[in-house]
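Here's a quick tour of one protein model, with an eye on its pockets and on a helix worth a second look. Have the structure open while you read.

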Amino acid sequence: MLSKKQINVVLDTLGEMFPDAHCELNHSNPFELAIAVILSAQCTDALVNKVTPGLFEKYHAPEDYLAVPLEELQQDIRSIGLFRNKSKSIRKLCQILIDEYGGELPKDRDELMKLPGIGRKTANVIVSVAFGVPAIAVDTHVERVTKRLGICRWKDSVLEVEKTLMKKVPKEKWSETHHRLIFFGRYHCKAQTPKCDICPLLNICREGQKRMRKREKVKIQ
């Protein structure tokens, strides 16, 4: 496991590599972000961003999603994986927002987690990005990177990873660290082809060092 000093090196390095890391889901208000995060489940942000421009041009408020037949909404998001379930979740969310929250998205994470299609990770994304509340959302990139680097243990659950990061990263850096870890995992420390050979963190990354030793053995053979 990395020491506090090493974790600070990681945070500084990520800041240098990805100073402008941000949420890549296109949106112009909290409600649109909520729709986008529902669509993004088991789907890439890039694909979601291809669908949302037309979607957000057609639907502006919760009432709009309820004003059309379910089949029409399904057709509008058909290119997104699990579009049938996601369209149902969106309509349920919209109905609850109207009935219980005056048509506005709640700002509290626990309240957000009560809504259809929104779990702990996506609720953390919404409070952080839309409302500026410090939070760390643990997606597959964050989980993979923190375990590879040795910030977290391989056996840690997603919730344990989140709690460990909250403990080891200063609260004022939670949101920026979350985005930078995602960028690092998405564009550098990739699942299948991590760029260990050019990684500025290789000297403190046991996983990376192990991978490099394997590569050298293959070359020798």
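Which helix gives the most to the lining of the largest pocket? In this predicted model, that's helix 11, with 6 residues.

Let's stay with that pocket for a moment. The space in the largest pocket comes to about 490 Å³. Its lining is made of 25 residues, and S40, D45, K121, D139 and R186 are the ones nearest the centre. The elements that put two or more residues into this lining are helix 3 (45–58), helix 8 (120–131), helix 9 and helix 11 (174–187).

The second largest pocket holds about 230 Å³ of space. It is lined by 14 residues, with M1, R148, L149, G150 and R206 closest to its centre. Here the elements giving two or more residues are helix 9 and helix 12 (206–220).

Here are the two linings by class:

| Pocket | Nonpolar | Polar | Charged |
|---|---|---|---|
| Largest pocket | 10 residues | 10 residues | 5 residues |
| Second largest pocket | 6 residues | 2 residues | 6 residues |

Now for helix 9, which gives two or more residues to the lining of the largest pocket and also two or more to that of the second largest. How many of its 10 residues are buried? The count is 8, so to speak a mostly covered helix, spanning residues 140–149. The buried ones are H141, V142, R144, V145, T146, K147, R148 and L149. At the start of the helix, D139 points a side-chain oxygen to within 3.1 Å of the backbone nitrogen of H141. D139 is also one of the residues nearest the centre of the largest pocket. Just past the other end, G150 adopts a positive phi of about 90°, and G150 is among the residues closest to the centre of the second largest pocket.

On the annotation side, an unreviewed UniProt entry places "domain: Helix-hairpin-helix DNA-binding motif class" on residues 110–129. In the model, that span is 65% helix and 0% strand, and its end C-alpha atoms are 16 Å apart.

One last stop is L82, in the loop between helix 5 (70–76) and helix 6 (83–100). Is L82 buried, partly exposed or exposed? L82 counts as partly exposed because its relative accessibility is 45%. Measuring C-alpha to C-alpha, L82 sits 29 Å from P194 in space, with their positions 112 residues apart in sequence numbering.

Conventions. Residues are numbered from 1 along each chain as its sequence is written. This is a predicted model: local features need pLDDT of at least 70, side-chain atom pairs count only at pLDDT 80 or more; totals for chains, interfaces and linings use all residues. Side-chain values use heavy atoms; hydrogens and water are left out. UniProt positions are given in the numbering used here, feature names are shortened, and annotations may be inferred rather than shown by experiment. Helices (H or I, at least four residues) and strands (E, at least two) are DSSP runs, numbered from the N terminus. Buried means under 20% relative accessible area, exposed over 50%, partly exposed in between (1.4 Å probe, protein chains only). A polar contact is a pair of N or O atoms within 3.5 Å; within protein, one must be able to donate a hydrogen and the other to accept it, and residues adjacent in sequence count only if both atoms are side-chain atoms. On a 1 Å grid over the protein atoms alone, a cavity is a set of points where a 1.4 Å probe fits but cannot get out, and a pocket is an open set with protein on both sides within 12 Å along at least five of seven lines; lining residues have an atom within 4 Å of a point. Grid points are joined across faces, edges and corners, and a volume is the space filled by probe spheres set on the points. Ala, Val, Leu, Ile, Met, Phe, Trp, Tyr, Cys and Pro count as nonpolar, Asp, Glu, Lys and Arg as charged, and the others, Gly among them, as polar.
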